[in-house]
Amino acid sequence: MSQDMPAQQRRQFLQWLAGLGAVTALAPGFAAPKLTTIKKAVPASGEKIPVIGMGSWLTFDVGDDQAARATRVQVLQAFFDQGGALIDSSPMYGSAQEVIGHSLRQIQNKDALFAATKVWIYGQWLGIKQMEAARTLWGVPRFDLMQIHNMLDWRSHLETLKAWKAEGRIRYIGITTSHGNRHQDMERALAKEPFDFVQFTYNLADRDVEQRLLPLAAERGIAVIINRPFDGGALFGPVRGKPLPAWAVEFDCTNWAQFFLKFIVSHPAVTCAIPATSRVAHMLENMGAGFGRLPDAGARQRMLAYYEKLVR
């Protein structure tokens with residue numbers, strides 16, 4: 001935990017620890033159980049990454065607002081303090097990439113950073129310029145993952161990315177969509193080309209990818225990043241004011257954010273989910289989903305049934 005974190009956020013952090021049953025570690029003579037960080041392997045390499053990453057859509061698009069930037073530094077600090085690695089962004093997200101770069105320069109314990117962004121423009125030459133600009137904005141020597149955003153002109157950019165990967169300028173190649181009407185196009189692309197990562201939407205209210213894309217990714221050995229894990233925040237509406245089921249403790253779940261995230265990352269084909277937030281307290285809640293146990297297949301069905309009952 002950062003020594004510069006304000007008192008209120010320190011209290012929020014301690015409350016999060018208490019929710020994990022770890023607060024007893026703060027008292028003499030007690031040894032709290034240490035929950036294991038959950039990581040999954042990238043099929044293309046075997047490299048393991050934490051199952052909870054960080055998105056930046058809307059939340060890091062704050063321009064030159066100095067107070068908002070200071071808060072984003074604290075959010076990112078909490079992310080790394082809790083073992084975070086994969087940060088995802090895009091030139092589509094306004095000032096997010098520049099704000100991420102600014103925030104990274106303020107943080108000391110960022111060695112685990114897995115930098116992931118996207119190319120989002122027509123034309124191979126313009127794509128090259130956009131990706132080079134992104135590296136400058138982030139202030140990183142290279143990106144771990146470069147993705148083709150929403151499949152835009154993906155064949156042109158894929159040619160560049162294959163060459164860059166061979167040259168060591170990027171480590172992995174990915175492709176993304178957040179639109180269900182592109183799923184068939186995505187399926188054809190994944191079946192034909194050697195992508196290392198794919199990113200799409202999956203959550204308790206939107207499970208279309210269970211039918212074709214998740215099985216295909218598993219079959220092809222493609223790592224899966226999940227965007228919109230909270231369905232743009234809509235998942236929280238039906239559960240507001242409702243208690244978690246008592247059996248959620250069986251997979252170390254202490255709040256609804258963790259309930260939603262653990263459902264996602266417990267799918268065998270999913271590698272990482274990338275919730276986005278602008279609040280330290282929410283970041284701490286989200287990161288808690290990356291520790292302890294995950295629900296098994298039976299528990300996942302129970303989670304789905306419980307949520308659907310609340311929605312009705």
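Here is a short tour of this structure, stop by stop, to follow in your viewer. Keep in mind as you go that you're looking at a predicted model.

**Stop 1: the sheet**

Start by selecting the strands β3, β4, β5, β6, β7, β8 and β9. They form an open sheet of 7 strands, in the order β3-β4-β5-β6-β7-β8-β9, and the pairing is parallel. Now colour residues 86-88 (β3) and 272-273 (β9): these two strands stand at the edges. Each has a single partner strand, so one side of each is left without a neighbour in the sheet.

Stay with β3 for a moment and add residues 114-119, which make up strand β4. The two pair in the parallel sense over 3 bridges. Which residue in β4 stands opposite Asp88? Click on Ala116 and you've found it.

**Stop 2: a pair of helices**

Next, select residues 183-192 for helix α6 and residues 213-220 for helix α7. Their axes lie 10 Å apart, and the helices pack at an angle of about 10°. That angle makes α6 roughly parallel to α7.

Show the side chains to see who touches whom. From α6, pick His183, Met186, Glu187, Leu190, Ala191 and Lys192; from α7, pick Leu213, Leu216 and Arg220. It's a mixed contact: 5 of its residues are nonpolar, 1 is polar and 3 are charged.

**Stop 3: the largest pocket**

Time to look for empty space. Rolling a probe the size of a water molecule over the atoms shows where such space is left.

Select Trp57, Arg228, Pro229, Gly232 and Ala276, the residues that lie nearest the centre of the largest pocket. The full lining has 34 residues, and the pocket holds about 720 Å³ of space. Two elements give two or more residues to this lining: α8 (256-265) and α9 (280-288). Which of them gives the most? Highlight α9, which supplies 3 residues. By class, the pocket lining has 17 polar, 12 nonpolar and 5 charged residues.

**Stop 4: a cavity**

For the last stop, how many cavities of 30 Å³ or more are there? The count comes to 1, and the space in the largest cavity is about 40 Å³. To find the spot, select Thr37, Ile38, Pro50, Val51, Ile52, Gln82, Gly83, Met287, Gly290 and Phe291, which line the cavity. Colour them by class and you'll get 6 nonpolar and 4 polar residues, with no charged ones.

Technical notes:
Residues numbered from 1 in each chain as written. Predicted model: local features only at pLDDT ≥ 70, side-chain atom pairs only at ≥ 80, totals over all residues. Heavy atoms only, no water. 1 Å grid on protein atoms, 1.4 Å probe; cavity = no way out; pocket = protein on both sides within 12 Å on 5 of 7 lines; lining within 4 Å. Points joined across faces, edges and corners; volume = space filled by probe spheres on them. Helix = DSSP H or I, 4+ residues; strand = E, 2+ residues; numbered from the N terminus. Nonpolar A, V, L, I, M, F, W, Y, C, P; charged D, E, K, R; others polar. Pairing = 2+ DSSP bridges. Axes fitted to C-alpha atoms, helices over the stretch in contact; angles between N-to-C directions. Parallel < 35°, antiparallel > 145°, perpendicular 65-115°, else oblique. Contact = heavy atoms within 4.5 Å.
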